[in-house]
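I opened this structure to look up how some of its strands are arranged. My notes are below the display.

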Amino acid sequence: MREQLLIGGKWIDGSNSDRIDVTNPANGDVITTVANGSPADVTAAVEAAAAAQVEWAKVGPRERAEVLRACWQTLIDHADELAELITLEHGKPLADAKGEVGYAAEFFRWNSEETVRIHGSMSVAPSGNNKIIVRHPPVGVVTMVTPWNFPAAMITRKLAPCLGAGNAAVIKPAGETPLTALRVADLLQGAGVPDGLINIVPTSNSGDWFDAAVDHKATRMVSFTGSTEVGRILLRRCADRVLKVAMELGGNAPLIVFDDADIEKAVEGTMTAKMRHSAETCTAANRIFVEAGIAGDYTAALGEAMAATKTGNGLEDGIECGPMINERAISSISGLVDSAVSEGATVVTGGSTLDGAGHFFEPTVLSGVSPTAAITHEEVFGPVAPVITFTDHDEMIGHANDTEMGLAAYVFTEDLAKGLATAERIEAGMVGVNRGAMSDPAAPFGGMKQSGLGREGASEGIYEFCETQYIAASW
Ligand code: SIN
């Protein structure tokens, strides 16, 4: 296990003497402690990154691509070990953790292929008096602030294109899940990433950490995944230095089930959209709109599937939903369920916390939820499925779009034309039609409205880490 800071290719304790406890959310035990980065450590990390980046940018795309390919291979080779670490500190079931490692690794393979395809262009100006040359150099040093819900993949989704484009990174992993981040960095160093390109500095003081990173003149970009609330604060800070930003923020995904849907397929898709990775994803179905003709049967079947979901320590066999990350998450989920019930919802199954030292909440289905209830305006981030019945399609679309968020949405119908037409009317960056999972390194991940700025993955992802330079030339 790596428990120190990684700065300039060296593992160090940093200048703070106190350390950060890392706990197992399944039982509350302290797993270990990690070094607690100070603002001075962040400054050292930015300087190491700046020095390393100048050399890395001179390395040819093919050679950079091959380093990325080796990173993919090493993550795959260490998949079991990484998955156990993810489950230990995050809590998600081991099967989900293994899925996350494959997903995390794939960002390196995909971006190794994109690294040799960062295309510019050359055209003749309409006047005929100038040649327009466009190129895409790297941005330089990138600050990354990553969340706890995907301790490996939310780092690699940024880091792989960042390195592929010729940049260096200073990363603040979530305080809840630094062990995966540190071990991933360790493996990537071992795979041949030059010293100084990946710097990992966990901290218990995010505000001072971020100030030190943003105020350093070598920092050119901030890439953040987390809540919209925190994203707004970081955006304001980035404005002081007019930094380039990439923001993957909160969601409030509607999931729409039309009455011609196949109930079995719709419930299976809903379970995936709601429950993958212990229901702690930004893309999770948060509001389930079901057409009246099918609402009774669908809700009963969803209730049965949720009631049958095995909840417990993700390291144990057969567990399908692990603990929530901490006590704060549990009290937020309980509060939302209580408020929905006080606004007239009925608990079909679940509804309560589970006793014991871990942070567990029962898989829950609520029916009869009002489309304007408080729970429909908040990201639940837990195993609660609020079902809202609709009759009028236009009214339902209005409610589905009545949110500042626009990350993901899902539609279930046996009529593909209706599914696609509905997808076009939904204000979300990603829409699944008869699918409960959409994440794919080859697809553009990101949100509309207050769910974010920019896209990760696909061919767009690597350009987020590039500048655009125009050279006017005559010859
Ligand atoms: C997220 O919850 O932010 C990421 C979800 C995913 O990549 O599937």
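These entries cover one strand with its neighbours, then a separate look at a sheet.

Entry 1. I noted at the start that the model is predicted.

Entry 2. I looked up strand β13, which spans residues 285–291. Is β13 mostly covered or left open? I found that seven of its seven residues are buried.

Entry 3. I then checked what pairs with β13. Strand β12, residues 253–257, runs parallel to β13 and is joined to it by five bridges. Within this pairing I located P254, which lies opposite R287 of β13. I followed the chain from β12 to β13 and passed through helix α9, residues 263–275. This β-α-β crossover is right-handed.

Entry 4. I also looked at strand β16, residues 384–390, which is parallel to β13 and shares four bridges with it. Here F289 faces I388 of β16.

Entry 5. I turned to an open sheet of three strands. In what order do the strands stand? I read the order as β5-β6-β22, with antiparallel pairing. β5 (121–124) and β22 (469–473) are the edge strands, and each has a single partner strand, so one side of each has no neighbour in the sheet. From one strand to the next, the twist averages 20°.

Entry 6. I looked up the pairing between β6 and β22 last. Strand β6, residues 131–135, is antiparallel to β22, and five bridges connect the two. I noted one residue pair there: R135 has Q469 in β22 as its bridge partner.

How values were computed
Residues are numbered from 1 along each chain as its sequence is written. This is a predicted model: local features need pLDDT of at least 70, side-chain atom pairs count only at pLDDT 80 or more; totals for chains, interfaces and linings use all residues. Side-chain values use heavy atoms; hydrogens and water are left out. Buried means under 20% relative accessible area, exposed over 50%, partly exposed in between (1.4 Å probe, protein chains only). Two strands pair if DSSP finds at least two bridges between them. A crossover is right-handed if, with the strands pointing away from the viewer, the path from the first strand over the helix to the second runs clockwise. Axes are lines fitted to C-alpha atoms, for helices over the stretch in contact, and angles run from 0 to 180 degrees between N-to-C directions.
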